[in-house]
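Trainee: Please take a close look with me at a single part of this structure, and explain each term as you go.

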Amino acid sequence: MPSGFPSGFGEGPEEADAVLLLRCLLGISPRSLHRLVWREGSASASLGAIVAGSAGSGRDREWLRTASAPTVRAQLIRAGARFARPGDPEYWPALLRLNDPPVGIFCRGRTLSPEHRRVAIVGSRRPSPAGIEVARALAAGVVRAGLVVTSGGALGIDARAHESALDAGGSTVAVLGCGIDRDYPATNRDLLHEIEARGTLVSEYPPGVPAEPFRFPARNRLIAGLSIGVVIVEGVAQSGTRSTADFASQVGTDVFAVPGAVTSLLAQAPNALIRDGARLIRSATDLLDDLGIEAADRAVTPEGLPPSESAVLAVLEHPMMAEEVGAAAGLTVPETITALMELELRGLITGEGGRYRPAAALATAPIPEPE
């Protein structure tokens, strides 16, 4: 099949409704749907073929008998979610290079800006302490350089990467393997709510769809397609982590891997990827260098900072007293002190002798050696 979708796909009110309904069908795989769209030439014609019984499943036809685009949109409003189809600003163009591109994606939280550069950090659900430290260091370095962290919202490396991105004042995108209205896994509910407030939740699945094992490999292709680079921290030989790297290669996204001891099961996936040509990285600096992010472009305000902290960081170009900072940023003294304390906790500034200045070499911390 050609890449992407036919010209005019999803354009106009009728087509837009058809794309939304197609994305809600669960009885046809993305690959089969992609083939169907190219065979029929449009979303409306594809929907008609499914209703007529020449494609899709009986389950899909049963659902379509009572479904309507306005009803789905009402569900999205109740979930605080929205839908993006190809051509919309939130539909990342690289997704079209997948062999089975999604006809649309659902989002909650902040807008998926086309200006954002996103880096995926993924790995084992049962990481080692060193793996957790590595994931946190990489995520902090990425957001302090002005980029956004992408991951899968899962336990382990995913969760630690999301947390560190937020702790460092940055933004993060979690791609879910369930309906856009679900907070899965439940253990990460608070984290997912924080991501929704300061970043974005993305899913290929409409409200009400439960998490099931086969949805997670499909989720991984979106993680790869939304990112300019994919970093593998830890994973066993046949882990889902490896599939994310494979999808990255499919869309032309660079793959990076953190090496580990050859005796470690958790180092099997990254070590194998390095042997196969993935780029070995030792720190966030290695990653940013290999991505071509110039040093002069890294001293920017992290994407997810609250407004008061952004204002303070923007004016703090040299050592300054709190009162000077507040006057320059247009904040009260209490607001300034609070913002300075939060920025210092995030590692973005340092204070000494009552004066504050930007922290040096924010993204250069080396990755700790594995034990």
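Mentor: What follows is a close look at one sheet and its surroundings.

This is a predicted model, in which local features need pLDDT of at least 70 and side-chain atom pairs count only at pLDDT 80 or more, while totals for chains, interfaces and linings use all residues. Residues are numbered from 1 along each chain as its sequence is written, and side-chain values use heavy atoms, with hydrogens and water left out.

The protein averages a pLDDT of 92, and 95% of the residues score at least 70, where pLDDT is the predictor's confidence in each residue, from 0 to 100. Over residues 361–367, however, the pLDDT is below 50, although this stretch has 18 contacts in the model beyond near neighbours in sequence; a contact means heavy atoms within 4.5 Å.

Now to the sheet itself. Nine strands form an open sheet with mixed pairing, in the order β1-β2-β6-β5-β4-β3-β7-β8-β9. Strands (E, at least two residues) and helices (H or I, at least four) are DSSP runs numbered from the N terminus, and two strands pair if DSSP finds at least two bridges between them. At the edges stand β1 (81–84) and β9 (279–280), and because each has a single partner strand, one side of each is left without a neighbour in the sheet.

Further inside that order, β3 (residues 118–122) and β7 (residues 229–232) pair in the parallel sense over four bridges, and Val-122 has Ile-232 of β7 as its bridge partner. Across β3, β7 and β8 (254–257) lies helix α10 (residues 240–251), which runs at about 155° to β7; such angles, from 0 to 180 degrees, are taken between the N-to-C directions of axes, which are lines fitted to C-alpha atoms, for helices over the stretch in contact.

A second helix also packs against strands of this sheet. Helix α7 (residues 157–167) has eight of its eleven residues buried, so it is largely enclosed by the rest of the structure; buried means under 20% relative accessible area, exposed means over 50%, and partly exposed lies in between (1.4 Å probe, protein chains only). The buried residues, including Ile-157, Asp-158, His-162 and Leu-166, pack against the strands β3, β4 (148–151) and β5 (172–179), and also against the helices α6 (129–144) and α8 (189–198). Just after α7, Gly-169 takes a positive phi of about 90°.
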